[in-house]
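Student: I am new to this structure and should like to understand the terms used to describe it. May I see it before we begin?

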Amino acid sequence: MRITGGELKGRFTKCPDGIIRPAMDRMRESFFAILGDLSGKSFLDLFSGSGTIAIEAVSRGAEHVVLCEKDKIKIKTVLENVSVTEKVMHNKIECHFMPVELFIKRSKAKYDIIFCDPPFPYKFHRELIESISQGSLLTDKGVLLIHRPAEKEMPDKIGNLRKKDFRIYGRSIVDFYEIDS
């Protein structure tokens, strides 16, 4: 997989063993373009897989970047992939290897951007967003993105979050939620 923008643009990350459905380059380029400048922002990458989304966020200026992945098979590759941000940019990505649902319950931090990329067979997209909403993980002006299969419908309002936009990429959709004001 290739980093599509920012200081690390053009570098490649490794794909870990196990089941993985990496976000397409075109899709990553698109939603990062929509998000705009990430300078000084905090970024949470849930269901991180290879760590590529978190690396992309650092590459594009995000300062506090956290990733969460529960698959122990992926740990070595994730750590190897994210180490490039420390070597090249002196930015560290905080890595948590645990179930996302547990991370959400325990986290006290707030994030400007939260990206959720659960496996396509995952059945709890709505509940995931509800728990993020209840846990107050999103800053007041923050954006939550969730990558889902096109056949999985998502409501316009979940908890205190309202869908503000969405993008279609083949059989994938990325929904953009913000705090309803």
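Student: Which residue follows helix 3, and what is the sign of its phi?

Tutor: H90 follows helix 3, and its phi is positive, near 60°. This is a predicted model, in which local features need pLDDT of at least 70, side-chain atom pairs count only at pLDDT 80 or more, and totals for chains, interfaces and linings use all residues. Residues are numbered from 1 along each chain as its sequence is written, and side-chain values use heavy atoms, with hydrogens and water left out.

Student: How do you know that the end-to-end distance of helix 3 agrees with its number of residues?

Tutor: The expected span is 1.5 Å times one less than the number of residues. Helix 3 (residues 75–89) has 15 residues and should therefore span 21 Å; its end C-alpha atoms are 21 Å apart, which agrees.

Student: What makes helix 1 oblique to helix 2?

Tutor: The axes of helix 1 (residues 25–35) and helix 2 (residues 52–59) come within 12 Å and cross at roughly 40°. Angles under 35 degrees count as roughly parallel, over 145 as roughly antiparallel, 65 to 115 as roughly perpendicular, and the rest as oblique. Helix 1 is therefore oblique to helix 2.

Student: Which residues make that contact?

Tutor: With contact meaning heavy atoms within 4.5 Å, R28, F31 and F32 of helix 1 meet T52, I53, E56 and A57 of helix 2.

Student: Why is C15 called partly exposed?

Tutor: Buried means under 20% relative accessible area, exposed over 50%, and partly exposed in between (1.4 Å probe, protein chains only). C15 has 43% relative accessibility and so counts as partly exposed. This residue lies in the segment before helix 1.

Technical notes:
Axes fitted to C-alpha atoms, helices over the stretch in contact; angles between N-to-C directions. Helix = DSSP H or I, 4+ residues; strand = E, 2+ residues; numbered from the N terminus.
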